[in-house]
Structure formats: structure tokens, C-alpha cells
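Hello,

Here is the model I promised to pass on to you. Please open it beside this note, and then read on for what turned up in it.

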Amino acid sequence: MSTASPAPAPAPAQPAEGPSRGGTAIHAVLVVVGVVAAVVGAGYGITVPGSGGEVGAGALPVLAGAGLALFAAVEVAKDVIAVRRHRAVGTAASGAPTRPGLPLAAADLVPGTTTDVAAASEAPSEERDIFGRTAAQRKKLLLVVSGLLLLAVLAIPLVGFLISFGLLLLVLSWKVEGRPLLPSLVTTVVVVVVTRLVFVNFLGVPLPSGLLGVL
Amino acid sequence: MKTSTRIAAALSAAALGVGLTACAADQGGTSADGSFAPSGDASMIVPFSAGGGSDASGRAIAAGLEAATGTNVVVENREGGSGAVGYSYLLSQEGDDQTLLAAETSLSSIPLSQDVDFTATSFTPVAKIGEDATLLVVPASSPFQTCSDVTTAAGAGSVVVAVSGAVSLDEVVFRLIETETGVTFDRVPYESGGEVLTGLLGGQVQVASLNPGEVVGQLESGDLRALCAVAEERYTDYPELADIPTATEQGIDVAFTQWRGFIGAGGMSPEARTYWADAAEAWTQTPEYEEYISSNYMQPVTAYGEELDAYLAEYDAQLATAIGR
Amino acid sequence: MIDNLLLGFEAALSWQNLGWCFVGVLLGTVIGLMPGLGSTTGVAILLPLTLAMDPLTALIMLAGIYYGAQYGGTITSVLISTPGEAASVVTTIDGYQMARNGRAGAALAIAAIGSFVAAILSLALLIALAPPFARWALNFGPPENLALMVLGLATIVSFSGGSLARGLAMACLGLLLGTVGVAIGTGEARYTFGSVDLLSGIPFVEVMIGLFALGEVLHQVRQGAEAPIRARFRDLVIKGSELRRSVAPVLRGSGLGFLLGVLPGSGSTLASFIAYGVEKRVSPRKAEFGKGAIEGVAAPESANNAAANANFIPTLALGIPGGATTAVLLGAFTIYGLQPGPLLFEEQPRLVWGLLVSFFIGNLMLLVLNLPLAPAFAQMLRIPYGYLYPIILITSCVGAFSISNNVFSIWIVLAAGAAGFVMKQYDLPMAPLVLGLVLGPLFEKALVQTSAIGNGDLTVVFASPIAVTVLVLAGLLAFGPQLWGLVRRRSGRSGGQGGPGGPSAGAPAPTPAGVA
């Protein structure tokens, strides 16, 4: 995506699809979470037993859980209505009719680029990033990066933090991102040494050294 | 707010000092002749956040042990659950000779009032290094002049008191007074001594029970008044507190002291226990120890080994009758 | 008072004090650059360094660290969307967008300038009025705090993005996460599922690192990597027009931050959120918020710095910690053999006034140090993303680990990172979640205490004029635009959501708020 323009929109195809199924599913999950949390929370006691109705340990959990369920349900309902309207209007629909008003996008850090995973895989669009990667390739890349990160954390008890994450850095920059070996190696060594100096030697944080016990 | 957890990391690092290389704390060894020597760093768990009385005593003890043994004693704040998190962590270090915990009343009061996996006997007591009591304090403008004024008013109507947790020392003190006099206080829960002080100064609560070290500044300035000391004796060693009568003098036969010291993990070797107890005893002979005791308005009452075991057993029983369910 | 100030300058202006102040500011900035390490940690970590010093010198250095660390956190918020502490979460919203638009240097510069102005203003107030302000702050008991938390939560409206329902849902989720752990008062363990690590609650800093830093990395990997930003050096320098736009936000932010900072316990996070919320309401350029509006950086950064200063009022005047960092500083007082309390001003005038003056010096140093350095820091974005994001992963995880020396923290980061990714993919706003998580425990505490005071009756809130005033303000912040629209419609003019709201600056204008 371009970086100089404030409103990059490389995924224009998506909004016409109407509300994404993934999004609706997430909202539905939140409804369930809210209901379950509220029910469990009620068990903690909405008021303090034996008092004159003082607020107890369960009050906020019930309030927040119910609120979560309610507001997420509103979103589900909006999605459902939008899908119906979308069908009624037919393929002529453009834009998202259910979202009146401008998206203020306060926390939405990259407005307009939210691409539904499902929608993207159905129609692997031609848009490529600056390295010429397609959407499908980037989806794979995400899985690789997440998997390697998980692996690195799991490996901490074995080889220690610095070795594990040093390897992660090397593999990510050299193999996954296709950077030249030498700069990747230099970056890795510099980062590991600086991390060790700052955190272990200066701040005295006992980073796990693993079974190997080195670094 | 959870930011206080960051202090935890910070202070553990602080105890290490700068420029020292920290290795993962590994097991010390018991050599062939049966003596114990720590290898690598030892750690001192503080089950409360930085800034409170437990933190101060944990750090003072850690510094004292460092001076006495030459071993680094890293302070780690593992706060949460009114102390339960720190003790639960120590429980998981079963058999470790180098993980210590700055303990006090909460060792007994948590298992008595919360659903936790440990009891007061799950660990290895090492040393008691001092005793601390509380003062009942009121704002300067309060109509109460004595502690019996407070209980009388509570009997006739309602008196709002501050407590800083379900198992905290002030809760114990008020519970003991309630049992003794048959009155009931209205409680407003707070989360630390500092917050209680704010509530008291702002007039949101009428009475609070605080350690002298926490309120001496406000007492001297005249913002707060101490009604009585919930202790066996008056603070005769400290001129600024010597005029405060005990609760017993005012007709409420309640005294409760908080012990401060440290414990080791359950199953700590006898050699290690002796080693740390000796180090603690060596520290109590130093001027630094005296400075710690006097700046916190504590009593230099110590106990080690079996003497401490017996003290704790009795203490636990006393607490169980006071707050047990 | 002039005597006191002179005494302060005389005490603070020694080469030794100036030197250590500089060291403090510099070390603080470096610490603030590390994810997870904020001012509280910075002060606590470096406390032992100062033990051998004269108390005044030591406190001056610690105060330098305090300010430096806050600024360091701002730098990472802007450049890599990783807030160093809760108070700079809001800065990421527009600061990071500015960086993506090639205006990182301007964002960093306005943060430094705003912080400096805030520091000077709040310092003047502090020096003139510390004791009366401290007494005023004591009026904020549980009912008033409850009203204040409602005001904080009312800003959700400003952080909800396209859909208010979504923002509210996320805020509720945050509140819910905030209830995990031991309940205040009754001591009940909630939603811990037997985990000891969860007894102390969902650790906030780890969640923040995960949501913002890791979530953003995963999002960018999925969306396609960003090109390194190749803005020219002079593009990184702040423009005159940007400075002019920032004047009012900086002043408003400073005022709000000061008022909220005086109150013990609420502190700079609340100040930064409310300042952003208010700014978005009153700004004539509200449509730019969230897309890189410089006002969205100027206001919260001024507010959190003013609050950080005002935090010292209860600390110095009453001996009550104003926030987490001042609590650690208060602990430091005792280590140096000083008894904090109301008498500090009278018994230790040289120390107190020297410290106050050193705040001024420290902030000046920070400004002098960082104005030229801001464009240099911004060059960090030239690092190709193929190297940058693995480095962000490492620093995030090591920073999280160092919070409590526990691998559990790293797992929290991973979980929050996955959540952050999903939220970005599906347009769920993060700021309300953070707001709920931060304010939740404070809100609940005020709620429980208020009901304890009223014996179960929460209407005691309405007996307090301060609380009622704050609640009215909260209502205005949340529903002001709708009310304004109603008033305009009544008076015969067609209001509604027509054109871009363009009434005179400062007046609340109708906002397209998703749900009417």
C-alpha cells in the first residue's frame, strides 16, 4: 500500500460484498461470550450477601457481560438486515448501505483496508504489495510468521530466550522476507547483543537461558 | 491499575543493581560436610506491590542478607490476590533452597479467608525480624477522642471505617474489636494504605487502622489524630508516639501485632534454613537493621528456627479464632 | 513565593544537579523506548543508582527519568504503534497515522513542544497553588470518583470509529477483562479458572503490547508490507501551520490534564483519553481525527504531561501518591530518610522547591534534546520492514517478559496480538477496549466504595455537587452533538448530518456518530 497518501484504498472490491460473514461470526461469538460471562458473573453475587444491597463482586461482570451481548447483538442484527437489503437491491448495490455516516475511524488504524479473509480467498484480487506478493501469498506469509513466533516462544525453555528469538529474527528476515544473508546475520547479532546488554546486563532482567544455559 | 506490576520487574532489577550479570537462579549445593552455600542469585519474593510496608521490609531484608552472605538477593514483586499470588508462586518452588518470601500476617490470614492451595504450614519459616502494630487514627476534626468513643458510637449508630482488603491487617484489627465489644462497623474497602489515608483526610471514612510508619507525617502535621495503639504496650521507644494510649488502657482489651520476616519454600533443606537464619541474625546486629526498625516505627523482636515455628503456630491459632470462618 | 523560587533555583542549579538531570532525562528516554518499560519502571529500576547521592540530586535525576521515559514511550507510539504506557495509547491513534503519512517528525516535535508547554503551565499552577489544590482534591471521594470514571467512559463515543454499538461492545469487553482476578472488597477470585497467574488480573501492559505492536505487525504482514518511509529530512520538521493548529489543543490538554492529575489515583491515562475525546468534539477538523490529525497528538500528549506534573501535588503536599510513578518516588523519599507528608513544604523547603525547579529544567532539557532529535528518530522508519518487524517482535516479547520475569507475560502478548489482528481485520475499535480495561477496575472500586458509603444506595452520588457537575459534563461529552442537533432543529434550521460540520471553532458540531 502506498504510504504517502492518507487514505490508501487498495481493496475497493470488498465493500460491495456487504457485511462480511467473518465479521458477523465474530460479533456472534461476542454475544455468546457476553451471555456466558454474565451468567458466570451472577454467581459471584451481584450484591454483597448480608448487606443492605451493596454492590458485590458480580455486579460489574454481569453489567459488562450483558452490555457486550447486547451491543454485539445489535451488530449482528445490522449485518443481517444489511445482507437482506443487499440481496433486495441486487448486484447494483455499491458501497455499504448499512453504515450511514462517515467512518470516524478513531481506532481503525488503516481505514478502508479491512479485507475479509474469506472474501479475499474467494476472489484473490490482483492487488499486490510492494514486493509483488498476491493476497494468497500474504495469507500464507501470515501463517508462517505466526507459526514461527509460536515456535520461538515454545522453544524458550529449551534453548533460552535470546537464541530462540535470535533465530526467529534470522529466519524471518533471511528466509521468509528474502533479505540477503549477511545483513540479516549482522542485524541478528546486533539485536541479540544489544538486547542482552540492555536487559540482562543493565536492567538485570533474568532472561530465561533454557536448558542449554548459554547466553 | 495494572501498571503497578511494572514496578515489580523494576524493583527486582533494582535489587540486582546495575552492571551485574544475572544468571537464572540455580540451586545452591549442600557440600559434603553438610553446610549450605548458595550458588548464583537467591530471590526474595514480595507478595505485594512496590511502595508498601511488605515491600519495604522485603527489600531491607534482601539488602541485609546480601551484606551478610555476599550473595545477590533479587527482589521480585509478585503481587495480586491480596498476597495469594506470591505465596502460590513460592508453593510451586517446593524444595528450592534459594527462593525466599517476605512474609507477615498474610501467611496465616490468606489461607483462613481465601480458597487457596496452601496453609500457613506449607512453607519453611526462617526468621522473624520485627513486629509492627497499628494505630486507630481519625481526622483532626473528628469528635472521637478515644477508641471507646468509637465503639460507643458504633454501638449507637454507625461508624464508617476503612479496610484495605478482605484479609488485611486492618480488617483483622476491626474484626477483633467487633468481637470484643459486640459492635459492628460499616466498612469501605480500599486497596492500599495510601488510599485509606486519602479517604481519611477527605472525610469519606471516619476511622482507619494504619501502621505508625504510614501516618506519622500526617500525625506530626496535625491533620490526623491517633486515638489508641492496638498493641500490648505503648510506643515508649518513640517519643513522638509515646503519648498514645493502648486500646486496653481505654477499656477495649484488644492487642494485635503483625510480625514481619521471611520464609522459604516448603521442603527447604535444614542446612539452607540454618544458613539463611544465621544470615538474618547477623543482619539484625547491624546499624542498618536498627535504622530500618526505627524509621518504620517497629519493635526489634526476633525469632528463628523452632522458636519461630512455635510462635507461628500460636499466631495462626489466634488469628483463626479471630477471623476464621 | 519568589523567595521560595529563588531558593529552588539556587538549590537546583548546580553543575552536579544539572548533570544528573541530563543523565536522568537521557536514560529515561532510552528506557521509554523499550516496549513495556514506562516511567514507573524506569524510576524503580534506576532508584538504586541514586542511593549514594544527596537526596535532592537523587530526586532531580528520578524526575528526569520520569519525564524522559514518558517521552520515550511517545516515540515508539508514533513510530511503531507501540505505546510505552497506558497514557500514550491515545497518541498511537493519530501519531502512528502521521508517521505513515510521512509526518513522524512533526508528530514527535509537537509531542515534545506540547509536553513542554504543559509542563511550564502546570508547574506555574503547582508552584502557586499546590496546597489549596491538594485540599480541593481531597473532596474527591468515591462518589466523585465514580462520576469521574463515568466521564472517562463517556469518551468511548469519541473512540468508537464507524459504529457506536461496536465501540460500546468493545468497551464492555474491556470492562469484563478488567474484572478478571480478585474482586475488591469481598476478595472473590473471578474468571481465573484456577490459574494463579490470573489472580492478579489481566496484565494491562502486556495486553497493550500485544494489541498494538504484535497486532499491527500481523496486520501488515497480512495486508502487504509497508514501504519504508522515505520522507526527506526537511519534510520531517514541523511546519508553522501545524504549530498554529496545535496551540488551542495544547492549552486545552494542559488544563484538563492538570485538573485530572491533581486527583490522586486517576492520573495521566484518564487525562489523555478525556483530552482526546474533548478535542475531537470541539475541533473544526474532527473528520481528520484518526487519520493523522496533529491535534490528536498535541492534546493527549500535553494532557498526560500536565497530569504527570500535577500528580506531584498530592504527593508533595499531602504525602499521598498521585499515581504509580509518584508512589515509587514516595517510597524513595523514605529511603533517603525524608518523611513524606503535609509538613514536607515547611520542613524541607530547599528540597521541595529545588525539585519543582528541576522539573522545569528537566522539561527544558527534554525539549532541547528532542526537537533536533525528532527527525533523527523518525529515520528509524527507513529500516526495511523485513528487518523491522522481526525486531519489533523481539523487543515486544523481551519487554513483556521483563515486566514480571514471567513467560506467562509473553503468552498474554501472543493472545492479545491475535485478538488485535482480528480486531483490525474486522474493524473493531481498540481504544474502547483499552479504555474499558484501564478504567474498569477504577470504576468498579468507586462503585463498590460508593455503595458501601450509601449502604447499598448509589444515589448518594447525586448528593455531591462535584459529582453531579462531572456527570453533566459526561452527558455533554457523550450526547452533546445530538442535543445540539436537536436544539438546532427546534429552532427551525435543518440540522442533521448534511455537510461537513463547519461551525465556528470551539462550538460542538453535529457528528455523524453511526447510531443516532
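Let me start with a single pair of side chains: C:Lys445 and B:Glu195 meet in a salt bridge, with 2.4 Å from N to O. Do keep in mind throughout that this is a predicted model.

**Where chain B meets chain C**

The pair just named belongs to the interface of chain B and chain C, where the rule finds 1 salt bridge. Polar contacts add to the picture here, with 3 residue pairs counted between the two chains, both residues being at pLDDT 80 or more. On the chain B side, the elements that each give two or more residues are helix H1 (4–16), helix H3, strand S9 (186–189), helix H7 (193–201) and helix H8 (212–221). H1(B) gives the most, with 10 residues. Sorted by class, the side of chain B that touches chain C has 18 nonpolar, 15 polar and 12 charged residues.

As for the extent of this interface, 45 residues of chain B are in contact with 59 residues of chain C. About 4000 Å² is buried between these two chains, and carbon and sulfur atoms give 64% of that area.

**Where chain C meets chain A**

Now to the other side of the story. Between chain C and chain A, 90 residues of chain C are in contact with 90 residues of chain A. The area buried between them is about 7800 Å², of which 71% comes from carbon and sulfur atoms.

Which residues form the salt bridge between chain C and chain A? The partners are C:Arg166 and A:Glu75, whose closest N and O atoms are 3.0 Å apart. The count of salt bridges between these chains is 1, while 9 residue pairs are in polar contact, again with both at pLDDT 80 or more. Helix H17 (residues 385–404) of chain C supplies the largest share of the side that touches chain A, with 12 residues. By class, that side of chain C has 53 nonpolar, 25 polar and 12 charged residues.

**Inside chain B**

If you turn to the interior of chain B, have a look at helix H4 (residues 106–113). Why is this helix described as largely enclosed by the rest of the structure? Because 7 of its 8 residues are buried. Those buried residues are B:Ser106, B:Leu107, B:Ser108, B:Ser109, B:Ile110, B:Pro111 and B:Leu112. They pack against helix H3 (84–91), strand S12 (258–264) and helix H11 (305–323) of chain B.

Strand S12 of chain B also takes part in an open sheet of 6 strands, in the order S4-S3-S5-S12-S6-S13, with mixed pairing. Strand S4 (73–77) and strand S13 (303–304) stand at the edges with a single partner strand each, so one side of each is left without a neighbour in the sheet. Strand S5 (residues 99–103) of chain B pairs with S12(B) in the antiparallel sense over 4 bridges. You can find B:Ala103 standing opposite B:Gly261 in S12(B).

**A few words on chain A**

Chain A has 6 helices and 0 strands, and along the sequence its pattern reads α-α-α-α-α-α. Of the 215 residues in chain A, 44% are buried. Among the contacts in chain A with a separation of 6 or more, 53% join residues 24 or more positions apart.

Happy to go through any of this with you.

Best wishes

Technical notes. Residues numbered from 1 in each chain as written. Chains lettered and ligands numbered in written order. Predicted model: local features only at pLDDT ≥ 70, side-chain atom pairs only at ≥ 80, totals over all residues. Heavy atoms only, no water. Contact = heavy atoms within 4.5 Å. Buried area = accessible area lost by both parts, 1.4 Å probe. Salt bridge = Lys/Arg side-chain N within 4 Å of Asp/Glu carboxyl O. Polar contact = N/O pair within 3.5 Å; in protein donor to acceptor, adjacent residues only side chain to side chain. Nonpolar A, V, L, I, M, F, W, Y, C, P; charged D, E, K, R; others polar. Buried < 20%, exposed > 50% of the residue type's maximum accessible area, 1.4 Å probe, protein only. Pairing = 2+ DSSP bridges.
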